[in-house]
Amino acid sequence: MSSSPPPSSAAASPSCPKKMIALRSSDGETFEIEEAAALQSKTLENMIDEDCAGTPIPLPNVTGKILAKVVEFCSKHAEPGVDDESLRAWDAEFVNVEQATVFDYILAANFLEIPTLLNLTCNVVADMIRGKTPDEIRKFFNIKSIFSPEEEEEVRRENHWAFE
Amino acid sequence: MAAEAEETEELAWSRETIPRVMKIACARLPQRDLVSLLLVSPWLHRTLVSYPSLWLVLDLREMTNAGNRLLGALSLPRYRQVKRIDLEFAQDIEDKHLESLENEYSESLKSLETLNLNGCQKISDKGIAAVTSCCPNLKVFSIYWNVRVTDIGIKHLVENCRHLVDLNLSGCKNITDKSLELVADSYNELQSLNLTRCVKLTDIGLQQILFKCSSLQSLNLYALSSLTDNAYNNISSLSHLKYLDLCGAQNLSDDALSCIAKCGKVVALNLTWCVRITDKGVIAVAEGCVSLEFLSLFGIVGVTDKCLEALSTTCSNTLTTLDVNGCIGIKRRSREDLLKLFPHLKCFKVHS
C-alpha cells in the first residue's frame, strides 16, 4: 500500500488505497503506474483530474522503451523512506546511459512535466557542455554542422564579445 | 540503402533532436557556454536565437573591455528584451560607452529591469544620465563603490526611472541629503535601500526616506556614524521592515532602539558596534521582534545575560544567527551556552 501522500490533487481517491493508472506508449505498449508516482508528472496529474479512470492514457510522444524507464523513475521517487543519499546514487545510475537515451529522457520529462527527472537529465547534459568549445561540443555529441565558412565567420564575429 | 538510412538518421539527430533537446537543457548553462552552442550548427543557432527566454540576462561580470562587449551584445536582435544586465566589477566601461548605447541601442533596454554597475568606478553622472534615459522600466539599480556619482546622477535616475523598488548606493560617498530627498519624493514603493558608507548623509535626509518610503523592507545604514536618534526614532514608521543594518550606529540609544523594536516583522538586525546599547534596548527588541532570525551584538559591552534570556523567551525558535563576540558583559556566551538558549543556532559570527 502506498503510504506516501500524493501531492495535493483533487483526484486523490480515499476509497482506493493503491489506485493504478494505465498509460499507453506511442508504440502501443501499456504500463501501469501507481497514482502517487503518476502525480509527479504535471501532465498526468491534469489528465487524471479529467477522470479518464480506467482507459489507458495515450502518450503519443513517448515510446515503450522510454516510458518503462520513466515509470521506474517516478515509482522510485514516490517510494517512502528512501534517504537522500541512496536516492542520489540511484539517480546517478539511472542516467548512466548513452547520450541518445538521456536525450529521450529529457524530451519525455519535458512533455510529461516531471521536474525531478527534467532537472536530473538536463544537469547531465549541461555538465557535458560546460567549458567546451563549439568544436568540442560538435565532436562530443556527434553533430554535423553545415555552416558555410562565411556563415561561421559571421556568427563568430557577432558573438566574440562573449568570450574572454 | 543502409548507408542512406544511416545518413538520414545522422541528419535527423543533428537537425532535429539536438536542437530540441538543447533548447530544453541549455537554460541552466552559463552565458559563455550558451553562446558556444550558437556556434555549433546552423540549426542549433536558429532554434536557440529565436527562443527569447534564453536571452534575458547579459552577464559581463568582471570582464575586461566590458564597454565594447556591452555594445557588441546589444547590437544583436536576440537581446532586444533583455531584463538584466550585470556589469559588476567589469573593467573598461566608461560614460562614452553608455552614451553610445543611448545613441544606438536605446530601443533594446525598454524591458530592462535590473542594472548592476557595482564597482564600475569610471562611470559618472553623465553615464548614469545616458543609460537611465533608455530604461524607463528599471526596478533594481545598483552602483556600489562609485565615488563619482553625485546628486546630479540621482536626479537623472529618478526622472528617467519612475518604478524603482531596489536601490543600492553603498560606498557612493558623494551622495548628500539632496539625493535622499529626491528618492523619497519619487519612490514611495521603494522596498530596498542601501546607503552603506554614504558619509555625507544626515538625519534630515534619512527622515525624508522614513516618512515617505513606507514600503521599505530592507534598509542598510552601515557605517553612517553621524546619524542620531532624531532619525533612528522614525524607523518605527516602516511597518514592513524585515532587514535593518545599523552597524556602527554609535549614537543609537536604548530609547531609539525601543522605538525600532515596534517594527514587528524584522527578521535580521545588525547592531554591531552600537556601543551605547544596553539590556534595555535589546529586551525591547526581544519583545517587539518575535520572529528574529539574525542578530549581531558584536562589540556591545553594555549588554548582559539578561538580554539573552529575554530573547530566548520569544525568539528561541527562529534565531539561527547570533553574534555576541566581544560582548564581555555576557558571561555565558560559549557555543554550548548559546545553543541551550537558542537550539537552532547555526552561525555564531557575523562581524570579522
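User: What's the count of salt bridges between chain B and chain A?

Analyst: One salt bridge. Keep in mind that this is a predicted model.

User: Which side chains meet in that salt bridge?

Analyst: B:Arg69 and A:Glu164. The N to O distance is 3.1 Å.

User: How many residue pairs are in polar contact across the interface of chain B and chain A?

Analyst: The rule finds 12 such pairs, with both residues at pLDDT 80 or more.

User: Which helices of chain B supply the side that touches chain A?

Analyst: Helices α1 (2-25), α2 (31-38), α3 (42-49) and α4 (66-74) of chain B each supply at least two residues.

User: And which one gives the most?

Analyst: That is α1(B), with 10 residues.

User: What's the mix by class on that side of chain B?

Analyst: There are 21 nonpolar residues, eight polar and eight charged.

User: How many residues are in contact on each chain?

Analyst: In chain B, 37 residues are in contact with 35 residues of chain A.

User: How much area do chain B and chain A bury between them?

Analyst: About 3400 Å². Carbon and sulfur atoms carry 70% of that buried area.

User: Changing topic. What's the strand order in the open sheet of chain B?

Analyst: The order is β1-β2-β3-β4-β5-β6-β7-β8-β9-β10-β11. Those 11 strands have parallel pairing.

User: Which strands are at the edge?

Analyst: In chain B, β1 (57-59) and β11 (321-323) are the edge strands. Each pairs on one side only.

User: How far are neighbouring strands turned against each other?

Analyst: By 5° on average, direction ignored.

User: How many bridges join β1(B) to β2 of chain B?

Analyst: Three, and the two strands run parallel. Strand β2(B) covers residues 84-86. Within this pair, B:Asp59 stands opposite B:Asp86.

User: What holds strands of a sheet together in general?

Analyst: They pair through backbone hydrogen bonds, either parallel or antiparallel.

User: Now chain A. Do β1 and β2 pair in the parallel or antiparallel sense?

Analyst: Antiparallel, over five bridges. Strand β1(A) spans residues 20-24, and β2(A) spans residues 30-34. A:Arg24 has A:Thr30 as its bridge partner.

User: What sits between the strands of that hairpin?

Analyst: Five residues lie between β1(A) and β2(A). In this hairpin, A:Gly28 takes a positive phi near 85°.

User: Which way does β1(A) run against β3 of chain A?

Analyst: Parallel, with two bridges joining β1(A) to β3(A), residues 57-58. A:Leu23 has A:Ile57 as its bridge partner there.

Methods
Residues are numbered from 1 along each chain as its sequence is written. Chains are lettered from A and ligands numbered from 1 in the order in which they are written. Side-chain values use heavy atoms; hydrogens and water are left out. Contact means heavy atoms within 4.5 Å. Buried area is the accessible area (1.4 Å probe) that two parts lose on being put together, summed over both. A salt bridge is a side-chain nitrogen of Lys or Arg within 4 Å of a carboxyl oxygen of Asp or Glu. A polar contact is a pair of N or O atoms within 3.5 Å; within protein, one must be able to donate a hydrogen and the other to accept it, and residues adjacent in sequence count only if both atoms are side-chain atoms. Helices (H or I, at least four residues) and strands (E, at least two) are DSSP runs, numbered from the N terminus. Ala, Val, Leu, Ile, Met, Phe, Trp, Tyr, Cys and Pro count as nonpolar, Asp, Glu, Lys and Arg as charged, and the others, Gly among them, as polar. Two strands pair if DSSP finds at least two bridges between them. Axes are lines fitted to C-alpha atoms, for helices over the stretch in contact, and angles run from 0 to 180 degrees between N-to-C directions.
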